[in-house]
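Please look through the structure below with an eye to how its strands are arranged and how far its coordinates can be trusted. A short report follows.

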Amino acid sequence: MTASSGQAAPVPLHPFASIKADPLGAKLQSAMVWADAAQNQKGVAIAFRKTFDLGKVPSAASLNLFADARYVLWVNGSYVQRGPNRFQPNGPEYDSIDISRYLRCGRNAVVVFVFGNLSGGKLMQHVPGLTALFQIDGAEVWRTDGAWKWSSDTRYRTMAASWANLGDTLVDTRVEDGDWTAAEYQDTAWKAATPISSESWGALTARRIPLLRELPVPVTLSGGAVLPVTLQPGEKLAFTTGRIVQAYPVLEFDAEANTELSIEPYGIRYLAKAGPQRHFAIDSRGISQGTIEVKSGKATVTGFKLIERLYPYDRVGSFTCSDPFLNKLWAMCARSGEVLSEDAYVDCADRERVEWMDCDPPGFDITRTEMAGPGKDGKPLYGDARLLGEMVRRTALTLQPEGWVKAHTCSDRYDIHAKMEDRACEWVAGIRRYFDATGDASLVREIWPAVVTQMDYFLERRTPRGLVRARDWVVWGNPLGYMTGETTTLNAFVQRALADAKVLAGIVGDNAAAAKFGQAADDLAKAINTVLWNEADGCYYSGYFTDEDWAANVAAKRTTNLPFVNHLTATTLHADVVALDRGVVPADRQERVRQKMVEQDRKGSARVMLYYYLAKELYRLDRSEHDLRVLTVFREKWAKMVDSKWECSWEEFGGGSHAHIYGMFPGYFLNAYVLGVRRDAPVAERKIRIEPHLGDLTQAEGKVVTEFGLVAATWRTKGPELSFTLTLPEGAAAELALPATENRNQILIDGKTVPGRLVGSRLVVPLSPGHHEGSY
C-alpha cells in the first residue's frame, strides 16, 4: 500500500511455476477489465454492465467470472450469486455459474458489482479487477472488454472490512437514478471499461469447491410482531434466530424520502429514497439477534428474512445412545461443523471467520464422518475433502521468502500469529490427510515445492544437539507456549512433518527428497529420545533452553513456572501427549509415557485442544476405564457448550468465542470411537475399521460417513453380552474388532460362529459388505 496513491501494490507471485491456468482460465486472464485509473481507492465499489440480445432462451448458458476482491451478480434484475471463493492473489479461482433460467428473448443484462482493495481476515489488499466469459452450449459468446460499462454512482457508498466481516457500511439509495441491475435501465451515462494487465494475479484456475448454498433461516420478530410494521424515529424492530447462524439480511420496506435506518449487527447505515425499496447485506455474519432501527424519518417494514450462506453439506450421519447428554453433544458438534464451513473451514463464526491451518483438525474429522457434499450427477460425495484440499493449497500459496508458510491464509496480517511453526507442521500432516482421503496426487505435486522449502527451513534450524530450535506449540494452556527453544512438542511436530514429507516425496516421485527427509526424521526422533528423555521419571522433559534462549524469552516476557534445571524444563502433559501422538516414542518406552500421561490427566487441567490429542491416546490404551474417562471429560467439560442457546462449540471451556471450531471434535470421537467406525488406512486400501468403545453406555447407534458410503451400526449391552447390527457399503473390506475376553475366541455373526484372531486386546474378524447381526 503506497501512502501517496492509496493503491494496493501487486502481491508477489508464488515462486514456483507449478500452477498453470486452465484453458478457460487463460481466456479469462486475457480479458481483465477495470474502471479508470482513479477508481483504485481503498474500499472501491464499481458496478459493471453488459447488455446483449438473444433470439431465443438457451438450454445451457454459463457465466464464468472472477473479481478481486468480491462480486455480486445479477441477471436481468434478479440476484444470482456472489463470490469468488476466498483466494490468495497468486492463486485465484474463477466461478462458473449456470444463468440459463435468468435469460430471456430479446434484451438481457448481466450486472456485476465489484468491491475491493480492502484488507481483512479473508481478503488481501490488492489491485481490483474483473473478468467474465459467457458461453452458450459450451461455445464462447462474449467476454469482458471495452464494450462493458461501469459506474461508481450506486447505493454502495462505503465498503469496509474487519478481521471477520465485509460490510456495506454506508448505503445511500438517493444517488441512484433507477434499477441499474435491470435490462431496461438506461446506462448511457456510464463509462466504458478499461482492459488491464493480469500480471498482478497468479494463474487463474477453476473453482475447486461447489458454490455455497443459500437457505432462509427461521426468524422471530420482537413481541410477536407481524409484518408490516411501521417504525418512527427511535423505534426498533428486533429479531432473533435462537442458535447462531451465518446469514445476511434481506429487507423490504416503504420509506419517506431521506429516512435513515440502522441495520445491526451488520453495521449498515441506510439512507432511503422515497417509496418501496429492497436491500440485502453484501456479506453474511455470525449472529443470533439483531435490530432494524429508524433514526429519522419513517419506514414501514414489509418483508424481512435472513439467508444463511454455507458450504452445501448435507448432514447424513447420525448418533443416539443411552445418554441424552451425548446425543445433544453430537448434534451440537454436527451443527458446529455446518456453521463453521463456509468457503473454508473457519475458526469461529462470530469473531474471525479466518482459515487457520489448525481449523483441521478438527474440521475435516467432523465433516468426513457426518456430512456429504454434492458430487457428480447429483449424487452425494461422502467424506468430501474439498475444503481440506483448498486449505492446504492456499496455505502453500502463503510461502514467504524466508521459507515458511503462514498460519492463516488470505490476509495481510503479519504479527506474532503469522508464523506459527506448529501450524506449518499441521499443514504437512494435512496434505497427507488429504491424499489419504482422496488419492489425489495432483494437488500434492502442485504444492510439493512449498513443502520442500518449509522442511528445509526447519532443517536449517537444527542445533548441535540435533533438535530444531523454534517457538513451542501455540495452544491454550501449554506452559511453554510462544517460548523459543528446543522443545519436545515442537520437535515432535517437526519430526512427524518430516516423516509425512517422506511419504509425500514418494507420491510425487522425488526419491532424493524422500531419502533426505526420511533420514532427517530418524535423526530428529533419536535426538528427542536422547536429549529430552527423562529416564528417572519415564517421560519427556518439555524442553531444552540455552542460557541465551532462556534470557531472550525472559526479556520478551515469555516465561514459565516450570522447574528449569541443567537447561531442561520439567515434563508437561503437552509434551508427553504430543510425543505419543506424533509417533516419536519408542515401543519400549510407550507404557511408561502413557502411565505418566494418565497420571497427569487426572489433574484435570487440560484445555480444549489438548483433549483432542489426549482422547486419541486414551482410546489407544483400549481399556474400559479410559474409554469411560473420555466420556466423563465430555460430560463435564462440554456441559456449558451443550446448554448454550447458540448450539455451537466453544473456543474454551469458559471464555473465548462461543462459536469456535476447537470444541467440536467430540462428535468425531462419538462416530469413530464410540460407534467405532473409521477409515484408518489410505482410501486406496479400501478398509474400514469397526472397533466400538462404549464406556458405560448400554446402547449406541447411528450412521457414520466413510469415503465408501454410510456405515450403520447399533450396539447394545445386557450384562456381559454385546449384541450388534452393522450395514456396510459395497466396495470396501471391513474388520470387526471387539474387546477380547478370556476363553472367547469366536463371535456369533448372522447365526454362525466365526473364529477371530487376537490382535492386541481385540478379537478381529473380517466382514463382507451388506447387513449383519451378531452377538458376543
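In this predicted model, strands E11 and E12 make up a hairpin, with 4 residues lying between them. E11 covers residues 156-161 and pairs with E12 in the antiparallel sense over 5 bridges, and within this pairing Thr 158 is found opposite Leu 170 of E12. E12 also has a parallel partner in strand E21, which spans residues 268-271 and is joined to E12 by 3 bridges; here Val 171 stands opposite Tyr 270. The two pairings of E12 are set out below.

| Strand paired with E12 | Residues | Sense | Bridges |
|---|---|---|---|
| E11 | 156-161 | antiparallel | 5 bridges |
| E21 | 268-271 | parallel | 3 bridges |

Is E12 enclosed or open to its surroundings? Of the 7 residues in this strand, which runs over residues 166-172, 5 are buried, and therefore E12 is largely enclosed by the rest of the structure.

Turning to the interior, the largest nonpolar core holds 156 residues, of which Leu 329, Trp 427, Trp 638, Trp 715 and Leu 736 touch the most other members. Another core, of 49 residues, lies apart from this one, and includes Leu 261, Phe 280, Ala 299 and Val 301.

As for confidence, the protein has an average pLDDT of 95, and 98% of its residues score at least 70. Residues 1-13, however, stay under a pLDDT of 50, although the model gives this stretch 31 contacts beyond four places in sequence. Where pLDDT is low, predicted coordinates should not be read in detail.

Definitions and conventions:
Residues numbered from 1 in each chain as written. Predicted model: local features only at pLDDT ≥ 70, side-chain atom pairs only at ≥ 80, totals over all residues. Heavy atoms only, no water. Core = buried A, V, L, I, M, F, W, Y, C linked by side-chain atoms within 4.5 Å. Buried < 20%, exposed > 50% of the residue type's maximum accessible area, 1.4 Å probe, protein only. pLDDT = per-residue confidence, 0-100. Contact = heavy atoms within 4.5 Å. Pairing = 2+ DSSP bridges.
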